[in-house]
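Me: Could you take a close look at one part of this structure for me? I'd like the wider setting afterwards as well.

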Amino acid sequence: MSDQHYNPLLYQTLANGNPLYSPTQPSPGSLGGGASNGLYPLYQQHGVTSYNNGAIPVYSRQISQKFQQQPLTHPHLQQQHHHQPQLRQPSGLSSPATIPASLTPQLGADSGPYQQQIHAANLSRQSATPHFRARAAAAVARSTGMNSAVSIMSPNGGTSSKTGSTTTIGEGADKNGTSSPNAPKWTTLDMGGMGLKNISGSLFRYEFLTALYINHNNLHYLSPEVRHLRNLTVLDASGNKLTLIPPELGMLVNLKELLLVDNGLVTLPAELGTLFQLEILALEGNPLNESLKTLLQQEGTTAVIVYLRENCTVPLPPPEREWITIEDDSGTLAGQDTFTTFSYNILAESYATPQMYGYTPSWALTWDYRKELILQEILAYSADIVCLQEVEMGQFEDYFKEQMKHQADYEGVFYPKTRAKTMPEKERRLVDGCAIFFKASKFSLIDKHLVEFNHLALQRPDFRKTEDIFNRVMTKDNISVIALLEHKETKNRLVVSNSHLCWDPLFRDVKLVQVAMLLDELDKLSTQWAHLPVSSTPSKGDSASGNNSSSSSSTSGKLPTLILGDFNSERNSGVYEFLVKGVAAQDHEDFMSYAYGHYTTEGLAHKLSLRSAYSHEKELPFSNFTPSYVELIDYIFYTSNSLSILGLLGGVEKEYMSRVVGFPNAHFPSDHIPILAEFKFQAQKTLPKHAPNFGSTSSLHGSNNHPRN
């Protein structure tokens with residue numbers, strides 16, 4: 001192995017005209033106002049919490065142990081979502097995990113907090129020479145035959161090679177320094193020991209970095225732009241002259257090691273409390289106030305992070321979400337009545353734990369706090385029809401049913417997931433399910449129906465012939481609740497389906513099967529319900545498919561229909577494709593290699609002319625927001641030949657979102673946001689009938705990469 005990975009010429013380039021170190025960059029004094037006060041005014045603008053006399057109360061051992069981080073095992077967090085991203089690790093020594101143990105603060109499990117601080121400080125001080133880690137990694141590469149762990153890349157000209165004169169842009173970075181679809185061959189950057197006084201913003205476009213070493217320089221200032229390096233797991237800024245660190249560091253939720261040894265730090269911004277995965281916070285050699293120093297030395301990193309998180313000042317809430325007008329309803333005639341519908345996954349209490357949402361203050365996770373925000377949000381939008389997912393049975397019976405009736409005259413229909421049938425009453429109350437509420441002043445409930453996907457699968461003779469049904473579909477107890485509503489004034493009727501599909505990205509075949517069975521049920525119910533006499537109420541109890549006594553003919557699709565809920569499926573999934581196109585081929589990629597009777601021998605087709613409400617505008621950028629998963633997975637589908645859309649609720653302000661690591665938080669009580677649309681009934685159009693054309697579906701294949709219950 002040659003020395004080509006350590007290139008002194010390239011290091012010299014970094015200090016002469018390279019944007020990573022530019023003599024033309026403003027000095028810390030000019031950026032912040034003066035050497036005497038540093039950059040404190042800048043950090044005030046970013047909301048740094050000030051403490052009385054700089055003091056932080058000592059956090060008790062008992063409380064710190066209570067908030068000790070636990071393994072992330074909740075479905076919302078087991079992924080690449082609902083939650084931690086799997087960082088790419090190229091071959092060779094390409095990540096901090098493969099750098100020799102002597103180069104990083106690998107602390108023994110038996111070490112106490114104080115010993116860990118001393119150990120981290122000693123290792124940091126040993127790395128004060130220029131490019132210590134790059135040199136050491138190159139030495140390891142020579143002795144082991146592996147690639148160097150640390151590469152130095154120039155955003156202006158790429159990688160220089162000692163053995164050649166050609167300079168190329170590094171793979172994985174474009175000419176602007178941003179990451180490309182190709183995986184970068186390097187994810188670690190060592191700029192340590194170079195005497196740098198400033199760092200250009202070009203560095204912060206390297207969003208693929210997982211480790212950044214800017215230790216032992218002469219930095220007085222760390223730019224808030226560091227927030228863009230969301231994949232960092234190691235940041236070493238030891239041995240500089242920092243007196244403040246930007247609160248934007250709290251956006252780097254993947255950090256496991258934050259090394260700030262031998263600086264001039266007196267306190268820390270409370271925004272660092274979101275660093276729930278941080279294992280090592282090294283602060284030895286800083287003039288810390290005594291209370292913070294005592295807490296760190298006696299209780300360790302976790303206690304400090306928990307304290308900061310629990311005591312961080314609540315920022316200002318975002319402005320109200322904008323209303324997007326699609327069609328002017330000023331000319332709406334009598335009989336073309338309008339209504340609004342609302343869908344919201346409220347995050348069940350049993351899922352909202354500190355272990356699953358470690359970035360959220362514990363007080364903001366409590367059900368007492370969240371339920372009030374949820375109810376306020378529902379009542380504020382005052383939708384005529386409200387569909388909720390992840391509602392626990394006890395919450396529906398004891399809180400939502402009563403509050404919705406008392407405060408806004410809502411009636412409700414609720415069913416828990418299938419597992420509740422086998423549980424004692426106490427455990428049943430903890431099982432979540434789906435609820436449909438409607439304003440009793442506007443709608444009457446004509447009938448209701450429960451779709452239990454695993455039970456429905458057993459009723460299909462073609463399904464019983466394959467073991468995949470038992471191994472995959474039967475293991476998921478997801479449900480859909482369907483209600484037939486009648487408008488009290490116009491007597492227009494509406495079918496409303498509220499669904500919560502399987503979350504697991506490894507079971508995208510099950511999601512497609514579930515939504516196919518749902519459309520089959522809706523087809524049967526629409527046929528049965530279409531000819532019910534006006535204002536006839538055959539039963540407000542359960543309606544089993546095929547048991548309704550009403551006669552029917554081939555009238556599928558005549559009833560206006562809404563299909564809402566948490567589909568745990570992205571826009572490129574088979575679920576979305578099938579719903580909006582009406583067909584899915586028998587060999588659709590989402591079926592994978594599994595067999596599901598006629599679905600995988602003949603393909604899928606439905607007769608409803610469905611469209612996503614938000615497709616009239618650009619679909620929302622997300623409906624689910626966590627540190628490791630940001631995607632749109634909640635939808636409102638409607639029959640476009642019988643309903644017209646008038647308006648939509650827009651997304652959350654981008655400026656607010658740029659300062660948030662994930663939901664829930666003080667302003668958003670769930671990791672989902674609600675979606676809302678306004679419709680009007682229209683004279684039903686007869687669409688031309690075409691034979692199903694399955695065509696090519698390869699461009700739309702895909703599945704969501706997030707766990708959602």
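Which residues are buried in H6?

Reply: Keep in mind that this is a predicted model. In H6, the buried residues are Arg133, Ala134, Ala136, Ala137, Ala138, Val140 and Ala141. The helix itself covers residues 132-144, and its length checks out: 13 residues at 1.5 Å a residue should span 18 Å, and the end C-alpha atoms are indeed 18 Å apart, so the two figures agree.

Now for the setting. H6 belongs to a chain with 18 helices and 24 strands. Burial isn't confined to that helix, since 57% of the chain's 709 residues count as buried. The accessible surface adds up to about 28700 Å², with 50% of that belonging to carbon and sulfur atoms.

Another buried spot is valine 431, sitting in the loop between helix H12 (425-428) and strand S12 (432-439). Its relative accessibility is 4%, and under 20% means buried, so valine 431 counts as buried. Setting aside neighbours within four places in sequence, valine 431 touches Val391, Glu392, Met393, Pro416, Lys417, Arg419, Ala420 and Met423. Take methionine 393: it's 38 residues from valine 431 in sequence, yet their C-alpha atoms are 6.0 Å apart.

Helix H11 covers residues 393-408, and its axis comes within 11 Å of that of helix H10 (residues 367-381), crossing at roughly 35°. The crossing is right-handed. On the H10 side, the contact includes Trp367, Ile374 and Leu375, while H11 brings in Tyr399, Phe400 and Met404, among others. By class, this H10–H11 contact has nine nonpolar, three polar and two charged residues.

Definitions and conventions
Residues are numbered from 1 along each chain as its sequence is written. This is a predicted model: local features need pLDDT of at least 70, side-chain atom pairs count only at pLDDT 80 or more; totals for chains, interfaces and linings use all residues. Side-chain values use heavy atoms; hydrogens and water are left out. Axes are lines fitted to C-alpha atoms, for helices over the stretch in contact, and angles run from 0 to 180 degrees between N-to-C directions. Helices (H or I, at least four residues) and strands (E, at least two) are DSSP runs, numbered from the N terminus. A crossing is left-handed if the near helix is turned anticlockwise from the far one by less than a right angle, and right-handed if clockwise. Contact means heavy atoms within 4.5 Å. Ala, Val, Leu, Ile, Met, Phe, Trp, Tyr, Cys and Pro count as nonpolar, Asp, Glu, Lys and Arg as charged, and the others, Gly among them, as polar. Buried means under 20% relative accessible area, exposed over 50%, partly exposed in between (1.4 Å probe, protein chains only). Accessible areas come from the Shrake-Rupley method with a 1.4 Å probe; for residues, only the protein chains shown count as cover. The expected span of a helix is 1.5 Å times one less than its number of residues.
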